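User: I would like to go through the metal sites and the chain interface. Please set each label against the rule behind it.

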Amino acid sequence: MSSPNAAYPDTPDQAMKPKRHEWPLWEVFIRGQHGMSHRHVGSLHAPDQEMAIKNARDVYTRRNEGVSIWVVEARHIAASSPSDKGPLYEPSESKVYRHPTFFDIPEEVGAM
Amino acid sequence: MYAQMIKSEATQEDPEKLAAFQARIDAGEKIEPKDWMPQGYRKTLIRQIGQHAHSEIVGQLPEGNWITRAPTLERKAILLAKVQDEAGHGLYLYCAAETLGVTRDELTEMLLDGRMKYSSIFNYPTLTWADMGAVGWLVDGAAIMNQVPLQRTSFGPYSRAMIRICKEESFHQRQGYDVMMKMAQGTSAQKKMAQDALNRFWYPSLMMFGPSDKESVHSEQSMAWKIKMNTNDELRQKFVDQTVPQAEYLGLTVPDENLKWNEDTGHYDFSQPDWSEFFDVLKGNGPCNQERLAARNSAWDDGKWVRDGLLAHAEKKAARKVAAE
Ligand SMILES: [Fe+2]
Ligand SMILES: [Fe+2]
Ligand SMILES: [Fe+2]
């Protein structure tokens, strides 16, 4: 079902199993407070997006955890793969000048 | 515990990969779903997280039994909120298991046909309102003992589920203790009820941690993988040490003649539960095994038309949307 770039892996036994007719999996993102970005909080099953939001309300915001909910079907998420770690992130390791601490500014200049 | 007697799976894989995997765990790194992992790690976790999830779901039944008979509207609202939390705990855990390559419905089917287990504790009946106190105080209390250290488990999704669960559990235990306080300070009949609840739930609560596993190779492997954080005996001792003073505060007596503070060890000495009863309950012969599984099966069967109907509706809507585009 999932492509190699999906958020969850296909396991060897999964490929052998017949495909099941089940409610799809949704990923839930919640904005905790005004001014914050949405954060992934977990997943759930629901037949469609309306029910996914209703279920997310019931499961993930029972104690005032959020002011806004996003849901997206898990199969629509594309993900980097763990083996890409090197090629994806190593180039930035050598670019120390991207950090403000790279530059020495004399104290007399004041806060900068 | 909520997951009892979990056998770890043997692993036959490239020793180099296994060593690198173990080194990540030893360094405190989290393993995420797409990372390489030994087959044994994956299978043991599916079994353990699945059993934990089933326990949350079946665990709603003994308490659900009292929702309509709670003594006040406030108690009813509290109990309802607690039981709803347990449904959420089941869901968090099923989702964590699903990242390992199994679906929630598959896990459910394995519970319903007896291939997977849930915690032995939920096969005991809840006979009086005081049992709602004893369950929150002792059963959730014992679960917390295990769940708090599991927040540091090596598998990322499991650890995150545990963090969410632990945030909610202390409400569960405190509302249970609150029920016990009320009963213990009530009429002599109420106090008797509280004592009776403690008498019935004490040993089954001790059984929740499972038999001693000091010498178990399965536990050793699981502890190396950091999917088990303490031995069963360590957790049981911690539970007893914490709970006995709480019982004393209530003016109730723990039903164990051998219970005694031990100056030398700095712990309580206590009697082991009857382990033959434990194995008998696991085999399906506890007081409520049949009733619990029957309730889950009928909920699943009776809900089939809703699951199918909503799915058919969603697919029809999706098809209509595609046609309109
Ligand atoms: Fe729970
Ligand atoms: Fe629980
Ligand atoms: Fe709980």
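**Iron sites and interface**

Analyst: The model is predicted. In it, the iron ion (ligand 1) has four protein donors, Glu56(B) (OE), Glu86(B) (OE), His89(B) (ND1) and Glu169(B) (OE), at 2.1 to 2.5 Å.

User: What makes these atoms donors of the iron ion (ligand 1)?

Analyst: A donor is an N, O or S atom within 2.8 Å of the metal. The atoms of Glu56(B), Glu86(B), His89(B) and Glu169(B) lie 2.1 to 2.5 Å from the iron ion (ligand 1), so they count. Along the chain their spacing reads E-x29-E-x2-H-x79-E. His89(B) is in helix α4 of chain B and Glu169(B) in helix α7 of chain B, so this pair ties together parts 80 residues apart in sequence.

User: Why is the site of the iron ion (ligand 1) called irregular?

Analyst: Tetrahedral requires all angles between 85 and 135 degrees, and square planar requires opposite donors over 155 degrees apart. The angles here run from 78 to 151°. The low end and the high end both miss the tetrahedral range, and 151° does not reach the square planar cut-off, so the site is irregular.

User: Which residues coordinate the iron ion (ligand 3), and why is its site called irregular?

Analyst: Glu86(B) (OE), Asp140(B) (OD), Glu169(B) (OE) and His172(B) (ND1) coordinate the iron ion (ligand 3) at 2.0 to 2.3 Å. The angles among its four donor atoms span 85 to 174°, and the site is irregular. An angle of 174° is outside the tetrahedral range, which ends at 135 degrees, so that label is excluded. The donor spacing is E-x53-D-x28-E-x2-H.

User: How do you know that the iron ions (ligand 3 and ligand 1) share a residue?

Analyst: Glu86(B) coordinates both, and the two ions are 3.3 Å apart. Glu86(B) in helix α4 of chain B and Asp140(B) in helix α6 (residues 130-150) of chain B are 54 residues apart, a pair that links distant parts of the chain. The iron ion (ligand 1) is also 3.0 Å from the iron ion (ligand 2).

User: What makes Glu168(B) and Arg62(A) a salt bridge?

Analyst: The rule asks for a side-chain nitrogen of Lys or Arg within 4 Å of a carboxyl oxygen of Asp or Glu. For Glu168(B) and Arg62(A) the closest N and O atoms are 3.3 Å apart, so the pair qualifies. Between chain B and chain A the count is six salt bridges.

User: How many residues of chain B are in contact with chain A, and what area is buried?

Analyst: 31 residues of chain B are in contact with 32 residues of chain A. The buried area is about 2700 Å², with 52% from carbon and sulfur atoms. Lys34(B), Arg164(B) and Leu311(B) supply 24% of the area that chain B buries against chain A, more than any other three residues.

Methods: Residues numbered from 1 in each chain as written. Chains lettered and ligands numbered in written order. Predicted model: local features only at pLDDT ≥ 70, side-chain atom pairs only at ≥ 80, totals over all residues. Heavy atoms only, no water. Contact = heavy atoms within 4.5 Å. Buried area = accessible area lost by both parts, 1.4 Å probe. Donors = N, O, S within 2.8 Å, 3.2 Å for Na, K, Ca; no water. Tetrahedral: all angles 85-135°; square planar, octahedral: opposite > 155°, others 65-115°. Helix = DSSP H or I, 4+ residues; strand = E, 2+ residues; numbered from the N terminus.
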